[in-house]
Amino acid sequence: SCQGPYSNLPHVYAKLTEWIAENNYVMAAPPYEQYLKGPMEAPAADAFVTQIYFPVQKAGQPEWYLPP
């Protein structure tokens, strides 16, 4: 998860993408976010909490089914 302002998200995406490449994984589906604490729950942006999901699989493995 990422704690802090939404402006931190591009850095987190870059780090996750770097880890995927370095560890022989590939994207299995587009990444997505879940906002656990945002402007309605936390008055200060430093308290925002965002879960970032990167569905991955090992490179070279057969593709697995993802529902549409």
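**View 1. Long-range contacts across the chain.** Residues 24 or more positions apart make up 62% of the chain's contacts with a separation of 6 or more, where contact means heavy atoms within 4.5 Å. This is a predicted model, so to speak plainly about filters: local features need pLDDT of at least 70, side-chain atom pairs count only at pLDDT 80 or more, and totals for chains, interfaces and linings use all residues. Residue numbers start from 1 along each chain as its sequence is written, and side-chain values use heavy atoms, with hydrogens and water left out.

**View 2. The fold, read from the N terminus.** The chain has one helix and five strands, in the pattern β-α-β-β-β-β. Both come from DSSP runs (helices: H or I, at least four residues; strands: E, at least two) and are numbered from the N terminus.

**View 3. The open sheet.** Three strands line up in the order 1-4-3, with antiparallel pairing; two strands pair if DSSP finds at least two bridges between them. Strand 1 (2-3) and strand 3 (32-37) sit at the edges with a single partner strand each, so one side of each has no neighbour in the sheet.

**View 4. Strand 3 beside strand 4, with the helix.** Strand 3 pairs with strand 4 (residues 49-53) over five bridges, antiparallel again. Tyr-35 has Thr-50 in strand 4 as its bridge partner. Helix 1 (residues 9-22) packs on this sheet and touches strand 1, strand 3 and strand 4, running at about 30 degrees to strand 4. Axes here are lines fitted to C-alpha atoms, for helices over the stretch in contact, with angles from 0 to 180 degrees between N-to-C directions.
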